[in-house]
Amino acid sequence: PLAGGLGLFSLVGAVAGVSDVPLLVEVAERTPAIDPFDEVDHWLLDFGRDLGRIEVLWDGEDEVFAVTTIDEPDGVADFDNALEALGLYADDPVWRSGLRSVLRARIREQLHGFFLLDPDSGALGPDSVRIQLHFDGDAGLPSAASQTAAGWSRIAVGGDDPDPGPDGKTFFGRAEIDWHNTVANDDTKPWLGIFTTSFVRFVMANPLTAALVSSYAPAAGGKPFGSMPGDLDLLDPNLDPQALPAGDHKARALEFAFILKFYGLAVAAVTAHEMGHSLGLVQPGLPPYGLLAGIAPAPWIEVAVDDAHIDTAGFNLMQPGSSFSLTDALTGTPGFGAANLGYLRRTLIVLVP
């Protein structure tokens, strides 16, 4: 808060060798009419979508996978089909239940972090984004009709991008863009949501990661996690793979921990990205009518991208998929950029022109 209270302020930054340009900042009362989060937003993540099944073919000579979707529901959630294709989902029902629980918990914890919620409970704090996250199957969920009546938004996690580009590339997700967060959003339509089959395709198309998962993927004759003696121990949250004696089990434990960490992070990051679109990100233009997107050239931009995204330095959650790299995932910590987080936390209001 500025000492002068409400009003129009002129700020000037003097930098050696750079002409100082005044920046006008208006400090005003945040009224419900301009507040995108005047009420807490409730979001339900639905992991049960079943639009088809995944077919994976392995070319052992060239050591490459081919991943396609057969548009025939098979009674298995698309989210689970993706885990099975990667070799994370053996037939053992105890393993499947345990892995699903562990993975969902990791995704939930990551999302809590992105939106500055309490890591464990997801409760709102003074600095949190005013949203509450719910997963299908959570205890005490209201009925679907009650959720709709209360204005809950929804997003599906699972399935494939039904509209690949001319080069055959598929998106990791799509969502409704809701400038200023004015309505409840339904991102469970078949062409919206988080496309976990695209994650499978991305992993299996990269020579480095394809070589890793070939040891576990059923299509390559691998031994899926959950199918070997001792695998159930890998789901123990207190297990330290580094403390295990050297051998095949330790190697398998280390690889499982690596895959689980980055797969959970990928799902959480793309979910936060697509939710961000439906919460009002990223408006093009300068404040107070935009959030610095769609302006090129500009010193805060790494690469110019379309208006609904912004590619700033670091692993920004609202950068487009075309800006994503494995290096980002392996070396960076994703998060919302400063201007986007200011909007989500209601300290930077975007006005309707």
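The exercises below, each with a worked solution, deal with a helix, a hairpin and two pockets of the structure above.

The model is predicted, so that local features need pLDDT of at least 70 and side-chain atom pairs count only at pLDDT 80 or more, while totals for chains, interfaces and linings use all residues. Residues are numbered from 1 along each chain as its sequence is written, and side-chain values use heavy atoms, with hydrogens and water left out.

**Exercise 1.** Determine how many residues of helix α1 are buried, and which elements cover them.

Solution. Begin with the terms: helices (H or I, at least four residues) and strands (E, at least two) are DSSP runs numbered from the N terminus, and buried means under 20% relative accessible area with a 1.4 Å probe and protein chains only, against over 50% for exposed and in between for partly exposed. Helix α1 spans residues 78-85, and seven of its eight residues are buried, among them Asp78, Phe79 and Leu83. Next, look at what lies over these residues: the cover includes β4 (53-59), α2 (93-114), α4 (196-205) and α6 (248-279). Finally, follow the chain just past α1, where Gly87 takes a positive phi of about 85°.

**Exercise 2.** Describe how β4 is joined to β5.

Solution. Two strands pair if DSSP finds at least two bridges between them. Strand β5 covers residues 64-70, runs antiparallel to β4 and is joined to β4 by seven bridges. Within this pairing, Trp58 stands opposite Phe65 in β5. The hairpin has four residues between the strands, and Glu63 takes a positive phi near 55° there.

**Exercise 3.** Characterise the lining of the largest pocket and then that of the second largest pocket.

Solution. A pocket is an open set of points on a 1 Å grid over the protein atoms alone, where a 1.4 Å probe fits, with protein on both sides within 12 Å along at least five of seven lines; lining residues have an atom within 4 Å of a point. A volume is the space filled by probe spheres set on the points, which are joined across faces, edges and corners. The largest pocket has a volume of about 1300 Å³, and of its 48 lining residues the closest to the centre are Phe172, Phe199, Phe202, Gly321 and Phe324. Helix α6 gives the largest share of this lining, eleven residues.

The second largest pocket holds about 870 Å³ and is lined by 19 residues, with strand β2 (residues 23-27) contributing the most, five residues.

Note on methods:
Contact means heavy atoms within 4.5 Å. Ala, Val, Leu, Ile, Met, Phe, Trp, Tyr, Cys and Pro count as nonpolar, Asp, Glu, Lys and Arg as charged, and the others, Gly among them, as polar.
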